[in-house]
Every structure is written in structure tokens, then in C-alpha cells.
Amino acid sequence: MTGHSKRVNEAKQESISSSQKESISQSKEDSKFSSSEDKESSEDDENGKLFIRDFNVYLSNKKMGSSSIEDGVVKVILPNSVENMSVADFTVLAQEIYDHANTLASGEDYDAGIIYFYSQNGGELARSTFSGGIKIFKE
């Protein structure tokens with residue numbers, strides 16, 4: 001019986017050892033995946049910062065306010081004077097800003113997504129659409 005008990009104990013130890021190796025291996029894989037996600041997130045953050053920096057230079061040169069990224073959403077703050085523009089003129093302006101934002105974003109390898117337009121006093125003016133147009137909220 002002692003021979004049998006010894007083989008059973010060795011089999012248990014081998015099973016435990018194998019299980020621990022699998023667990024360690026899985027942990028390493030999980031770590032690699034997590035590290036890869038962190039790296040992608042970090043690259044997105046860095047690309048977003050570059051995009052916003054360049055986009056703000058463009059907006060400043062046009063005297064058209066500023067932009068930021070909040071919770072992954074690009075927000076453009078325009079001067080209050082745009083509220084006095086006709087809907088047609090404002091649509092042209094917003095489309096020009098949107099098109100330039102996407103040109104900059106693609107150069108920075110950043111997906112700008114939907115862009116929201118606000119006045120300085122906080123009024124929501126417009127947003128871009130998934131098809132690349134502009135949905136106007138101002139009247």
C-alpha cells in the first residue's frame with residue numbers, strides 16, 4: 001500500500017503543479033492583454049492631446065474659440081456672436097470646422113467621432129452626424 005500511496009501523492013503533486021503552471025501562464029496572458037489595452041489607451045490619449053493642441057491652433061487662428069475632449073467627446077466652444085448668424089451661414093461655418101477637425105484627427109491617427117458645438121454661454125448649437133453632416137440645434 002505504501003507504493004500505491006506514494007504514486008497517488010506524486011500524481012496529486014503533479015496535478016497541482018500542472019494547475020499552478022496553467023494559472024501562471026493564464027495570468028501572464030491576461031497581463032499581456034491588459035498591457036496591450038493600456039498601451040492602446042495611452043496612445044489614444046496622446047493622439048487626442050496632439051489633435052486638440054493642433055485643433056486649438058486652427059480655431060485660434062480663425063478666432064473661433066477653443067476645443068476640448070471630455071469623456072472621449074470633442075467639444076468646440078464658439079464665440080457667442082455665432083448665435084446671431086443665420087442658420088445657413090452657421091451650417092457652413094460648422095461644416096468647415098468639422099471637416100478641418102477630421103483632417104487633423106486623421107493626421108494624428110485619432111478618431112474624433114461626433115463633434116459638439118457650443119456657444120461660450122453654454123448653449124448647444126449643433127453636432128456632427130455619423131454621415132459627416134451637421135445637425136443644427138440653434139434656430
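**Figure 1. The hairpin of β1 and β2 in the predicted model.** In this predicted model, the hairpin of β1 and β2 has two residues between its strands, and Asp71 there takes a positive phi near 55 degrees. Asp71 is not a glycine, although its phi of about 55 degrees is positive. The residue belongs to the loop between β1 and β2 (73–78). With a relative accessibility of 84%, Asp71 counts as exposed. The two strands run antiparallel to each other and are paired over five bridges. One residue of this pairing is Glu70, whose bridge partner in β2 is Val73.

**Figure 2. The salt bridge of Glu70 and Lys75.** The side chains of Glu70 and Lys75 form a salt bridge, with an N to O distance of 3.2 Å. Glu70 is partly exposed, at a relative accessible area of 39%. Lys75 likewise counts as partly exposed, and its relative accessibility is 21%. Since the limit for a buried residue is under 20%, Lys75 at 21% falls in the partly exposed class. Glu70 thus takes part in a salt bridge with Lys75 and also has Val73 of β2 as its bridge partner.

**Figure 3. The five-stranded sheet.** The protein contains two helices and five strands. Along the sequence these elements follow the pattern α-β-β-α-β-β-β. The five strands make up an open sheet with mixed pairing, in the order β1-β2-β3-β4-β5. The edges are occupied by β1 (66–70) and β5 (134–136); each has a single partner strand, so one side of each is left without a neighbour in the sheet. On average, neighbouring strands of this sheet are turned by 25 degrees against each other, direction ignored. As a general point, side chains in a regular strand alternate between the two faces of the sheet.

**Figure 4. The pairing of β3 with β4.** Strand β3, residues 115–119, pairs with strand β4, residues 124–128, in the antiparallel sense. Three bridges link the two strands. Tyr116 has Arg127 in β4 as its bridge partner.

**Figure 5. Lys62, Lys63 and the link to helix α2.** A salt bridge joins the side chains of Glu96 and Lys62, at 3.2 Å from N to O. Glu96 lies in helix α2 and Lys62 in the loop between α1 and β1, so this pair ties together parts that are 34 residues apart in sequence. Both partners are partly exposed: Glu96 has a relative accessible area of 35%, and Lys62 has a relative accessibility of 43%. Lys63 is also placed in the loop between α1 (2–61) and β1. In contrast to a buried residue, Lys63 is exposed, with a relative accessible area of 67%. The C-alpha atom of Lys63 is separated by 8.4 Å from that of Pro79, a residue 16 positions away along the chain.

**Figure 6. Glu108 and its surroundings.** Glu108 lies in the loop between α2 and β3. Although Glu108 is buried, it has no salt bridge. The nearest side chain of opposite charge is that of Arg53, 4.7 Å away. A salt bridge requires a distance within 4 Å, so the separation of 4.7 Å between Glu108 and Arg53 does not qualify. Apart from its neighbours within four places in sequence, Glu108 is in contact with Asn47, Leu50, Phe51 and Asp54. Arg53 does form a salt bridge with Asp54, in which the closest N and O atoms are 3.0 Å apart. Arg53 is partly exposed, with a relative accessible area of 48%.

**Figure 7. Asp109 in the loop before β3.** Asp109 is located in the loop between α2 (87–107) and β3. Its phi is positive, at about 55 degrees, although Asp109 is not a glycine. Asp109 counts as exposed, at 62% relative accessibility.

**Figure 8. The protein as a whole.** The protein has 139 residues, and 27% of them are buried. Its accessible surface comes to about 9300 Å², and carbon and sulfur atoms account for 48% of that area. Among contacts with a separation of 6 or more, 50% are between residues 24 or more positions apart. The count of salt bridges comes to three.

Terms used
Residues are numbered from 1 along each chain as its sequence is written. This is a predicted model: local features need pLDDT of at least 70, side-chain atom pairs count only at pLDDT 80 or more; totals for chains, interfaces and linings use all residues. Side-chain values use heavy atoms; hydrogens and water are left out. Helices (H or I, at least four residues) and strands (E, at least two) are DSSP runs, numbered from the N terminus. Buried means under 20% relative accessible area, exposed over 50%, partly exposed in between (1.4 Å probe, protein chains only). Contact means heavy atoms within 4.5 Å. Accessible areas come from the Shrake-Rupley method with a 1.4 Å probe; for residues, only the protein chains shown count as cover. Two strands pair if DSSP finds at least two bridges between them. Axes are lines fitted to C-alpha atoms, for helices over the stretch in contact, and angles run from 0 to 180 degrees between N-to-C directions. Lys and Arg count as positive and Asp and Glu as negative; His and the chain ends are not counted.
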